[in-house]
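Here are a few notes on the model you asked me to look over. Have it open while you read.

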Amino acid sequence: MFPMYSSTRVVFPDRCSEATARILDVRRLPPSAPAPSDTDGPSGVPAGAWWVIADLTPFHPVDHTWPDQPGDSGHLEVGGVRLPVADCLTAARSVDGGPVHVGRDIPVRRGGEGHHWYAAHVLDAELDDGEARDLIGERAELRVDVPRRQALSAAHSACHLVGLGLNAALRDLWRKPVAVDGLGRPDFDGMAIASSRLTESGSTDVHRLGSSLRRRGFVATDLGERLADVQAEVSATVSGWLAADAPIAVGTNGDRLEDRRTWECTLPEGTHRTWCGGTHPERTGDVEVTAVALALAEDAKTLTVTTRTSVRGGKPWQ
Ligand SMILES: [Zn+2]
């Protein structure tokens, strides 16, 4: 029987990469379940792997509703024994009891009321049942793989900046007033984004240019011909923002996993704020963007933006 714990407290929004915590439970993923994560974590998630819940964590878990940023990897250290963490997933359980759901098996959306929310640290380690039981109640050092975290954070902030750059480059294609971003441009990225996937080397973002966007007044009949110009403009805008070394803040209204968080960047043209559950560097100057590529689908119904990123100078920022 899985005891009832309150939600995991998280310190990754403060850019922490290590913390001391108490292990609350150790369980196995079901052997037959489909991989519950959409991530491209370093070793994937083996079916039947052990996973650990702690009262507090510096690990960022992949979000089951919007799996843009993969879960952190790293290790736990308990009594001098090092247990590698291959991935970190989201888990949830109704406050009324019942089973604990992990990853894509969670039946409610992120942060849904009436649930406790947990970071599930998936171990890349073989344990027998006794060893797993003995871990419960122990204090553990939780350490995130910092270079990978930094690379994912750089890719994530770059992805938001490219979205803002796209809003600026496409601002003349709107024929009706619509919601604007923090810089006053029609929020194409916010309205059209269909999926976003981050890796250590960048992001792939797919925007839907369907009838709903047309109804809102977006006219993109000549986007195909203008694509090279738009791409060059986005690249130049984003380069300027990186050179401005603008501050990036992660706002939060609490330290529970389900509490809402924001990405906030104070650019020369204004401050943009958006809901975001990921991790980020302190400044745009910590990010390097080596390429932004736009591709329009043949049926012109989707626009895919591929961004290549790295951590500027590889310098540590935490
Ligand atoms: Zn984000």
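The points below cover one sheet and two backbone oddities.

1. First, a reminder that this is a predicted model. Please read everything below with that in mind.

2. The sheet I looked at is open and has three strands, in the order 12-13-14, with antiparallel pairing. Strand 12 (248-252) and strand 14 (270-275) are at its edges; each has a single partner strand, so one side of each has no neighbour in the sheet. Going from one strand to the next, the twist averages 20 degrees.

3. Looking at one pairing in detail, strand 12 runs antiparallel to strand 13 (residues 261-267), and five bridges link the two. If you want a spot to zoom in on, try Val-250, whose bridge partner in strand 13 is Trp-263.

4. What packs on this sheet? Helix 2 (residues 146-169) does, and it touches strand 12, strand 13 and strand 14. The direction of helix 2 makes about 60 degrees with that of strand 13.

5. Now the backbone. Most residues other than glycine have a negative phi. Arg-15 is not a glycine, yet its phi is positive, at about 70 degrees. You'll find Arg-15 in the loop between strand 1 (9-10) and strand 2 (18-28). Is Arg-15 buried or exposed? With a relative accessible area of 18%, Arg-15 counts as buried, because the cut-off for buried is under 20%.

6. Ala-300 also has a positive phi, about 60 degrees, without being a glycine. Ala-300 sits in the loop between strand 15 (287-296) and strand 16 (302-311). Its relative accessible area is 37%, so Ala-300 is partly exposed.

Definitions and conventions
Residues numbered from 1 in each chain as written. Predicted model: local features only at pLDDT ≥ 70, side-chain atom pairs only at ≥ 80, totals over all residues. Heavy atoms only, no water. Pairing = 2+ DSSP bridges. Helix = DSSP H or I, 4+ residues; strand = E, 2+ residues; numbered from the N terminus. Axes fitted to C-alpha atoms, helices over the stretch in contact; angles between N-to-C directions. Contact = heavy atoms within 4.5 Å. Buried < 20%, exposed > 50% of the residue type's maximum accessible area, 1.4 Å probe, protein only.
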